[in-house]
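Biologist: I am new to this one, and I would like to understand the words you use for it. Could you show it to me, and then let me ask how you reach each label?

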Amino acid sequence: MRKFLFLSIFSLIFTLSLDAQIKKTLHKTYTIGEVESLNFDVLGEYEVMNWAGSTVLVETSIELYDASLNIFKHFLKAGRYNIDLSLEEEAAKFISHDKVRRDIKTAKGQCWEVVKYTIRIPEEYLIVDQTTMKRINTTSEISPEEAK
């Protein structure tokens, strides 16, 4: 019985120490006002979709493998996954804070990360392509009939 208990505890500790994957989902909203277009210059994989809100919502899913929690916290604090907003008179530009996401290396080797963005934009914008969205209204070149 003692051997079984010892083996069980050892197995549990060993299993918990092997879990080197960190997962985190971040949410950030951006107020864009009445701009005519939205432009995205985002590093990595992202999907743009309409939603009923009046702001832009960016959901960032991060998976980091073979790195410690402290390394992950460091990169969060440094803004590695942030998207900055530049508001101009006619356009809102969303630009990755870290334009060159260098590999993460530790004494144990290279760490792997998977970063995916889901960007939700207000319904009054037409998705032209994955980088440009235009406001649908009567004064723009794009009519509501063309949007459908």
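**Reading the labels**

Modeller: Let us begin with S86, which counts as partly exposed at 28% relative accessibility. Please keep in mind that this is a predicted model.

Biologist: Why is S86 called partly exposed?

Modeller: Partly exposed is the class between under 20%, which is buried, and over 50%, which is exposed. S86 has 28% relative accessibility, so the label is partly exposed. You will find S86 in strand β5.

Biologist: What does S86 touch, leaving out residues up to four places away in sequence?

Modeller: S86 touches A91, A92 and K93. Contact here means heavy atoms within 4.5 Å. As for I32, its C-alpha is 9.5 Å from that of S86, with their positions 54 residues apart in sequence.

Biologist: Thanks! Now R80: how do you know whether it is buried or exposed?

Modeller: The relative accessible area of R80 is 5%, and buried means under 20%. R80 is therefore buried. It sits in the loop between α2 (69-78) and β5 (83-87).

Biologist: Which residues does R80 touch, not counting those up to four places away in sequence?

Modeller: They are F75, D98, R101, R102, I104 and E113.

Biologist: What makes the link from the side chain of R80 to the backbone oxygen of R102 a polar contact?

Modeller: The side chain of R80 reaches that backbone oxygen of R102 at 2.5 Å. The cut-off for a pair of N or O atoms is 3.5 Å, with one able to donate a hydrogen and the other to accept it. The 2.5 Å value falls within that cut-off, so the pair qualifies.

Biologist: What is noteworthy about the phi of D66?

Modeller: D66 has a positive phi of about 65°, although it is not a glycine. Most residues other than glycine have a negative phi, which is why a positive value draws attention. D66 lies in the loop between β4 (56-65) and α2.

Biologist: And why is D66 called partly exposed?

Modeller: Its relative accessibility is 44%. That value lies between the 20% and 50% cut-offs, so D66 counts as partly exposed.

Biologist: Where does D66 lie with respect to the largest pocket?

Modeller: D66 is one of the residues nearest the centre of the largest pocket, together with A67, S68, T106 and K108. In total, 10 residues line this pocket, and its volume is about 200 Å³.

Biologist: Which strand gives the most to that lining?

Modeller: Strand β8 (residues 109-122) does, with three residues. By class, the lining has four nonpolar, four polar and two charged residues.

Biologist: What about E124: how do you know its exposure class?

Modeller: E124 has a relative accessible area of 33%. This is neither under 20% nor over 50%, so E124 is partly exposed. E124 belongs to the loop between β8 and β9 (125-127). Apart from neighbours within four places in sequence, E124 is in contact with K134, R135 and I136.

Biologist: How many helices and strands does the protein have?

Modeller: There are three helices and 10 strands, arranged along the sequence as α-β-β-β-β-α-β-β-β-β-β-β-α.

Biologist: What share of the residues is buried?

Modeller: Of the 148 residues in the protein, 31% are buried. The protein exposes about 10000 Å², with carbon and sulfur atoms supplying 56% of that area.

Definitions and conventions:
Residues are numbered from 1 along each chain as its sequence is written. This is a predicted model: local features need pLDDT of at least 70, side-chain atom pairs count only at pLDDT 80 or more; totals for chains, interfaces and linings use all residues. Side-chain values use heavy atoms; hydrogens and water are left out. On a 1 Å grid over the protein atoms alone, a cavity is a set of points where a 1.4 Å probe fits but cannot get out, and a pocket is an open set with protein on both sides within 12 Å along at least five of seven lines; lining residues have an atom within 4 Å of a point. Grid points are joined across faces, edges and corners, and a volume is the space filled by probe spheres set on the points. Helices (H or I, at least four residues) and strands (E, at least two) are DSSP runs, numbered from the N terminus. Ala, Val, Leu, Ile, Met, Phe, Trp, Tyr, Cys and Pro count as nonpolar, Asp, Glu, Lys and Arg as charged, and the others, Gly among them, as polar. Buried means under 20% relative accessible area, exposed over 50%, partly exposed in between (1.4 Å probe, protein chains only). Accessible areas come from the Shrake-Rupley method with a 1.4 Å probe; for residues, only the protein chains shown count as cover.
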